[in-house]
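Let's take a walk through this one together. Have the sequence and the 3D view side by side, and we'll go from a detail to the whole and back again.

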Amino acid sequence: GRPDGTDPDGFNRRVAEAYGEYAMKTRAPAAGIARESGVPVRTVHGWIHEARRRGFLPPGRKAR
């Protein structure tokens, strides 16, 4: 779940870890994270964007 704001780096680290786990299994890791978290995929995209901005995930690649 999303933290109350007291540990945003910890939350973004957990998002990055979940993303890495789902990325090994599927081409749509955000959808898996959304299902597990009970939030819309768009919300997870925002989390992923923030994790990238903070340096917990590498820059995204363009879709082919």
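**A turn, then the rest**

Start with G38: just after α2, this glycine takes a positive phi of about 75°. Keep in mind as you look around that the model is predicted.

Now step back from G38 to the helix that comes before it. Helix α2 covers residues 29-37, and its buried residues are P29, A30, G32, I33 and A34. What lies over them? The cover for the buried residues of α2 includes α1 and α3, the latter spanning 41-53.

P29 is a good place to look at that cover. This proline sits in helix α2, and it counts as buried because its relative accessibility is 8%, where the cut-off for buried is under 20%. Which residues does P29 touch, once neighbours within four places in sequence are set aside? They are Y19, Y22 and A23. Helix α1 runs over residues 8-25, so if you apply the general rule to that stretch, remember that an α-helix has 3.6 residues a turn, so residues three or four places apart point the same way. Looking in the other direction along the chain, P29 and V41 are twelve residues apart in sequence, with 9.7 Å between their C-alpha atoms.

A31 belongs to helix α2 too, but its surroundings read differently on the accessibility scale: at 24% it counts as partly exposed, because buried would need a value under 20% and exposed one over 50%. If you want a sense of the distance from here to A63, that residue is 32 places along the chain from A31, and their C-alpha atoms are separated by 16 Å.

Next, go to helix α1 and find N12. Is this asparagine buried or exposed? N12 is buried, with a relative accessible area of 3%. Its side chain has a polar partner: it reaches the backbone nitrogen of A51 at 3.4 Å. Beyond its neighbours within four places in sequence, N12 is in contact with W47, E50, A51, R54 and F56. So A51 turns up twice around N12, as the polar partner and in the list of contacts, where a contact means heavy atoms within 4.5 Å.

For a residue at the other end of the scale, try H49 in helix α3. H49 counts as exposed, because its relative accessibility is 54% and the cut-off is over 50%. H49 and E17 are 32 residues apart in sequence, and their C-alpha atoms are 14 Å apart in space.

With those spots in hand, zoom out. The protein chain has three helices and zero strands, and read along the sequence the pattern is α-α-α. How does the radius of gyration fit? For 64 residues a compact globule would come out near 11 Å, and the chain has 11 Å, which agrees. The C-alpha atoms fill a box of roughly 35 × 25 × 20 Å along the principal axes.

Inside that box, buried residues make up 27% of the 64. Of the contacts between residues at least 6 apart in sequence, 38% join residues at least 24 apart. On the outside, the accessible surface comes to about 4,900 Å², and 50% of it belongs to carbon and sulfur atoms. Finally, the charges: there are 13 positive and 7 negative side chains, and the centres of the two sets lie 12 Å apart.

Terms used:
Residues numbered from 1 in each chain as written. Predicted model: local features only at pLDDT ≥ 70, side-chain atom pairs only at ≥ 80, totals over all residues. Heavy atoms only, no water. Helix = DSSP H or I, 4+ residues; strand = E, 2+ residues; numbered from the N terminus. Rg over C-alpha atoms; globule rule 2.2 N^0.38 Å. Buried < 20%, exposed > 50% of the residue type's maximum accessible area, 1.4 Å probe, protein only. Areas by Shrake-Rupley, 256 points an atom, 1.4 Å probe, with all protein chains shown as cover. Lys, Arg positive; Asp, Glu negative; His and termini not counted. Charge placed at Lys NZ, Arg CZ, Asp CG, Glu CD. Polar contact = N/O pair within 3.5 Å; in protein donor to acceptor, adjacent residues only side chain to side chain.
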